[in-house]
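The report below follows one chain from its overall layout down to individual side chains. Please read it with the sequence and the coordinates open alongside.

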Amino acid sequence: MKRFHLGREARVEDWLVEAFLGEIVDACKRHGFSLSHEDTHGAFIVEEYDEGNIQWLGDAMIGNSVNTAQGNVITRESQGKET
């Protein structure tokens, strides 16, 4: 899935980010909780599991600090290979 990268101001596909978010979703399902957020300020809110919160998490953007430089973006072809 391509996500908007704030630092590059472009949509990129980063399989490490996808794996990370997938593990969060798995943990939410396993524990019966999900994360929500009141607004863009403050902390996350731990809620009972709610599919709407999971969908919201799925819309995550990639922050400036995540290194997805042109040669470092992981694609399906390079998955499992050092990039």
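Read from the N terminus, the elements of this chain follow the order β-β-α-β-β-α, which gives a secondary structure of 2 helices and 4 strands. The model is a predicted one, with a mean pLDDT of 83 for the chain and with 80% of the residues at 70 or more. Among the elements, strand β2 (residues 10-13) has the lowest mean pLDDT, at 89, whereas α1 has the highest, at 95.

Of the 83 residues in the chain, 24% count as buried, and the chain exposes about 6100 Å², of which carbon and sulfur atoms supply 53%. Among the contacts in the chain with a separation of 6 or more, 44% are accounted for by residues 24 or more positions apart.

**Strand pairing**

Two pairings are described here, and the table sets them side by side.

| Strands | Sense | Bridges | Residues standing opposite |
|---|---|---|---|
| β1 (residues 2-5) and β2 | antiparallel | 4 bridges | F4 and R11 in β2 |
| β3 and β4 | antiparallel | 5 bridges | F33 and E48 in β4 |

The hairpin formed by β1 and β2 has 4 residues between its strands, and in this hairpin E9 takes a positive phi near 50 degrees.

In a regular strand, side chains alternate between the two faces of the sheet. Strand β3 has a covered face, made up of S34 and S36, and an uncovered one, made up of F33, L35 and H37.

**S34 and its surroundings**

How is S34, a residue of strand β3 (residues 33-37), placed with respect to the surface, buried or exposed? With a relative accessible area of 1%, S34 falls under the 20% cut-off and is therefore buried. Its side chain reaches the backbone oxygen of E48 at a distance of 3.2 Å. Once residues up to four places away in sequence are set aside, S34 touches C28, then the run I45, V46, E47, E48, Y49 and D50, and also N53 and I54.

**Helix α2**

Two of the residues touched by S34, namely N53 and I54, belong to helix α2 (residues 51-58), where N53, I54 and L57 are buried. Because these residues cover an arc of only 100 degrees around the axis, they lie on the same side of α2. The buried residues of α2 pack against α1 (15-31), β3 and β4 (44-48). At the start of α2, a side-chain oxygen of D50 comes to within 2.8 Å of the backbone nitrogen of G52.

**E18 in helix α1**

Which residues does E18, found in helix α1, contact beyond its neighbours within four places in sequence? They are M1 and R3, and with the side chain of R3 the side chain of E18 makes a polar contact at 2.5 Å. The relative accessible area of E18 is 17%, which is under the 20% cut-off, so E18 also counts as buried.

Conventions
Residues numbered from 1 in each chain as written. Heavy atoms only, no water. Buried < 20%, exposed > 50% of the residue type's maximum accessible area, 1.4 Å probe, protein only. Polar contact = N/O pair within 3.5 Å; in protein donor to acceptor, adjacent residues only side chain to side chain. Contact = heavy atoms within 4.5 Å. Arc of directions from axis to C-beta. Areas by Shrake-Rupley, 256 points an atom, 1.4 Å probe, with all protein chains shown as cover. pLDDT = per-residue confidence, 0-100. Pairing = 2+ DSSP bridges.
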